[in-house]
Amino acid sequence: MQKAKILLVDDRPENLLALEAILSALDQTLVRAASGEEALKALLTDDFAVILLDVQMPGMDGFETAAHIKRRERTRDIPIIFLTAINHGPHHTFRGYAAGAVDYISKPFDPWVLRAKVSVFVDLYVKNCQLKEQAALLRLQLEAGGGEPVLGGALLGELSARLAAVEEQAEALGKQLDGAEDAGVAATAAHLERKLVGLRRALDAMRPGSS
């Protein structure tokens with residue numbers, strides 16, 4: 001499966017280098033953006049699992065960049081983690097969450113914590129991609145069969161097995177996130193679970209004899 005892309009947005013090259021060093025162990029594709037404008041351009045063409053966004057940038061700052069991201073239908077659901085070297089108290093943090101961030105981390109941050117948080121969103125992104133692939137297979141089979149909601153036993157078994165593998169991975173991830181305080185992570189995981197349930201029901205409805 002294709003690697004997930006992670007967007008790193010910071011106007012300071014040394015900060016981008018540090019983020020790359022921390023996240024390189026995840027073995028995903030890291031994309032740099034030196035400004036909010038560069039980030040928005042990158043988001044026009046590529047899909048990202050998560051965005052690490054610096055708050056303090058000249059010109060378009062992190063809050064304004066996040067607002068643009070959340071206004072676009074294509075990018076509104078991408079998780080954003082704000083990174084900031086300045087903490088002005090609860091009001092500053094609240095503004096970050098109000099702008100659509102799923103997390104807000106002050107510098108200097110713990111590399112292990114940051115990597116773990118990003119890893120969770122990468123895992124969720126990968127599971128969503130797998131889910132979309134299974135849904136596409138089902139649609140193709142229905143179109144090939146003229147829309148008849150019954151699949152052949154062999155293909156039905158293969159699709160069911162593939163979906164079961166995704167369900168198993170999602171269940172393991174859910175246990176890992178059980179009790180997590182991060183509302184953004186929990187909401188994304190719940191969204192994935194709902195999709196899986198819907199796809200399983202659709203697949204079961206295609207079994208011979210179901211009505």
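Here is a walk through some of the side-chain contacts that link different parts of this chain. Keep in mind as you look that this is a predicted model.

Let's start with the charged pairs. Searching the whole structure turns up eight salt bridges. One of them brings the side chains of K3 and D27 together, with N and O 2.9 Å apart. K3 sits in the segment before β1 (5-9), while D27 is in the loop between α1 (13-23) and β2 (29-33), so this contact ties together parts that are 24 residues apart in sequence. Are these two residues buried or exposed? K3 is partly exposed, with 42% relative accessibility, and D27 is also partly exposed, at 46%.

Now move on to K107 and D10, whose side chains meet in a salt bridge at 3.2 Å, N to O. Find K107 in the loop between β5 (103-106) and α5 (111-144), and D10 in the loop between β1 and α1; the pair therefore ties together parts that are 97 residues apart in sequence. D10 is buried, with a relative accessible area of just 1%, whereas K107 counts as partly exposed at 21% relative accessibility, because buried means under 20%. There's a third partner here too: D10, D54 and K107 are linked in a network of salt bridges.

Next up is D103, which forms a salt bridge with K117, their closest N and O atoms being 2.7 Å apart. D103 belongs to strand β5 and K117 to helix α5, so here the contact ties a strand to a helix, across 14 residues of sequence. D103 is buried, at 7% relative accessibility, while K117 is partly exposed, at 26%.

Let's turn to the rings. The structure holds two aromatic pairs. In one, the ring centres of F63 and F82 are 5.4 Å apart and the planes are at 70 degrees; angles over 60 count as edge-to-face, so that's what this pair is. It links distant parts of the chain, with F63 in helix α3 (residues 62-71) and F82 in strand β4 (residues 80-84), 19 residues apart. Both F63 and F82 are buried.

F82 also pairs with Y104: their ring centres are 6.1 Å apart and their planes are at 70 degrees, so this pair is edge-to-face. It links strand β4, home of F82, with strand β5, home of Y104, 22 residues apart. F82 has 0% relative accessibility, and Y104 counts as buried too, at 9%. Put together, F63, F82 and Y104 form one aromatic cluster.

One last stop: look for R115, which lies over the face of W112, at 4.6 Å from the ring centre.

Key
Residues numbered from 1 in each chain as written. Predicted model: local features only at pLDDT ≥ 70, side-chain atom pairs only at ≥ 80, totals over all residues. Heavy atoms only, no water. Salt bridge = Lys/Arg side-chain N within 4 Å of Asp/Glu carboxyl O. Helix = DSSP H or I, 4+ residues; strand = E, 2+ residues; numbered from the N terminus. Buried < 20%, exposed > 50% of the residue type's maximum accessible area, 1.4 Å probe, protein only. Phe/Tyr/Trp six-rings, centres within 6.5 Å; stacked < 30°, edge-to-face > 60°. Lys NZ or Arg CZ within 6 Å of the ring centre and 35° of its normal.
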